[in-house]
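Student: I am new to this structure and would be grateful for a close look at a single part of it. Please begin from one residue and then set it in its surroundings.

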Amino acid sequence: MPEKGAPRIRRRTWLVAALAVTLLAASSVTWFAVARAEEREDRLDANRELVAHGCAGLLREELYSSVPDDERGVLDAYGTLLQPGQESRALLDCTVAWGGDGGASEADVRARVRAEAVPDRTSPGGVTGDFGLPLPPTATGSTGAADPWHTGTVATSSLLVDCPKGLDGRGRSVRDLLVSVDLPTGRDEADEGDEGDVPKADRLAAARTAAKVANWVSRKQGCGSEPLRTEPGAAPAKAPELCAWLSPEGLGSTPGEWSFDGNDSVYNRRAGACGGQWDDTAGSPGHLTVKAAGAESWSGVLASGAYDDYADDLMVPDPKDSGHRAPADKPVTVERSGDDPQLALWARSECAAGPTYHRVTVTPEFDFDYGLGDGKVVLQPKDQRRLSHRVHTVLDRYLAAPDGWPRRSHCRKTTIVGEVAEWRERD
């Protein structure tokens, strides 16, 4: 016969066993959580170490506080300033990345800085615009947004800097330093469909990083470039008179108000731009009157880059017409296209920053109800000659303006390259 206390003993034994199992499970969970926390902490420390010392520490300020702790970062770095003696086009090309199954080239999140010497030409499109930080006349830059790796929008910046003492690493010394930066952006995923915008703070971070890279390269190379500011502050002195020469007077414009928004107000040795357009709320410009006019200049490595960009679209003078006005010996039919075709005049000079191209334009108003109908008008030879005279007037004023870009840049030996009438078909 069982003793009276046996059930109580079994219950106590079961409770002790259950408590032991519970404590063991809890300790396992606690151990696992602690281990995971330690792993995350180790990854965070490793990633901070990566951005603090990788890429010569140039990404530390912008990335240190935001590195992830759930993915271990990877570094892809090369360039003659990081590995002297290396055969590379770049002085610096460095990427820090996280995520993905492979290296930096397959990562989900990347930050990249690149610096290279430019021996011949570069397109002005990426380095002329709003940089967000004050720049000296010897540097030009811009910021923007892009999705270069199809992994999400990044903030971008590009910077072209003059190095008068020269840069080494490309077989011969050159004086143009091109810096480009891509940084992860803080924009919300809901905004990812719009590649055209990133937060202003991210653009500023990209600009600041580009300026730091340029200063670092300049110190390492001793290339003599002006130190660039890495924080906002007082802007360079404005020069509104840069475009004061541009006026509709004498250009055959319909009387009325013109607007001159977006003109350069700060002088830069490498590029300049002025423009204006008819902007009167009363009425509309008359047929074949000039409703817009403008001038642009690109110097040094930007000159050939700009000319090549236009040449790709067949928007440079025909070589057989080089130095002459566009042919105006027979009527030309102009069809409505949805665009405003221009008459452009190209000229070439020697200026302070090197060989230079100038492109001045006039935009006539085409009243397609005036002519043949069906969206067509005819330009008679006399109309073509009149427009040619007006675009040459714009160039003459531009070159002669005491405070305009060509005079400030000490341009000389100017020669006419030719005209481009955008309403004419090109072979």
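Is Cys-55 buried or exposed, and what is its relative accessible area?

Tutor: The model is a predicted one, and the description that follows should be read with this in mind. Cys-55 has a relative accessible area of 3%. Because buried means under 20% relative accessible area, Cys-55 counts as buried. Its position along the chain is the loop between H1 and helix H2 (60-63). The backbone of Cys-55 also deserves attention: its phi is positive, at about 55 degrees, although the residue is not a glycine.

Helix H1, on one side of that loop, covers residues 6-53 and includes Glu-41. With a relative accessible area of 43%, Glu-41 is partly exposed, whereas Cys-55 is buried. Glu-41 belongs to a patch of negative charge on the surface, where it gathers with Glu-39, Asp-42, Asp-45 and Glu-49.

Two further residues may be set beside Cys-55 for their backbone angles. Lys-413, in strand E14 (residues 412-421), has a positive phi of about 50 degrees and is likewise not a glycine. Its setting is another matter, for Lys-413 is exposed, with 67% relative accessibility, while Cys-55 is buried. Leu-314 takes a positive phi of about 55 degrees just after H4. Helix H4 itself has twelve residues, 301-312, and at 1.5 Å a residue these should span 16 Å; the C-alpha atoms at its ends are 17 Å apart, which agrees. Among the buried residues of H4 are Val-301, Leu-302 and Tyr-307.

The charged side chains offer another view of what is buried and what is not. Side chains of opposite charge can pair when their charged atoms come close. The whole structure holds 16 salt bridges. In one of them the side chains of Asp-93 and Arg-114 meet, with an N to O distance of 2.4 Å. This pair links distant parts of the chain, as Asp-93 is in strand E2 (residues 90-98) and Arg-114 is in strand E3 (residues 109-117), 21 residues apart. Asp-93 and Arg-114 are both buried. Arg-114 also forms a salt bridge with Glu-116, at 3.2 Å from N to O, and Glu-116 is buried as well.

A further salt bridge joins the side chains of Glu-231 and Arg-208, at 3.8 Å from N to O. Glu-231 lies in the loop between helix H3 (200-221) and strand E7 (258-259), and Arg-208 lies in helix H3, so this salt bridge ties together parts that are 23 residues apart in sequence. The partners do not share one setting: Glu-231 is partly exposed, with a relative accessible area of 39%, while Arg-208 counts as buried, at 12% relative accessibility. Elsewhere, salt bridges link Asp-162, Arg-175, Asp-176, Arg-269 and Arg-270 in a network.

To return to the starting point, Cys-55 is a buried residue in the loop between H1 and H2, and its phi is positive.

Notes: Residues numbered from 1 in each chain as written. Predicted model: local features only at pLDDT ≥ 70, side-chain atom pairs only at ≥ 80, totals over all residues. Heavy atoms only, no water. Patch = residues over 30% accessible without salt bridge, like charges linked within 9 Å, V, L, I, M, F, W, Y side chains within 5 Å. Areas by Shrake-Rupley, 256 points an atom, 1.4 Å probe, with all protein chains shown as cover. Salt bridge = Lys/Arg side-chain N within 4 Å of Asp/Glu carboxyl O. Lys, Arg positive; Asp, Glu negative; His and termini not counted. Charge placed at Lys NZ, Arg CZ, Asp CG, Glu CD. Helix = DSSP H or I, 4+ residues; strand = E, 2+ residues; numbered from the N terminus. Buried < 20%, exposed > 50% of the residue type's maximum accessible area, 1.4 Å probe, protein only. Expected span 1.5 Å × (residues − 1).
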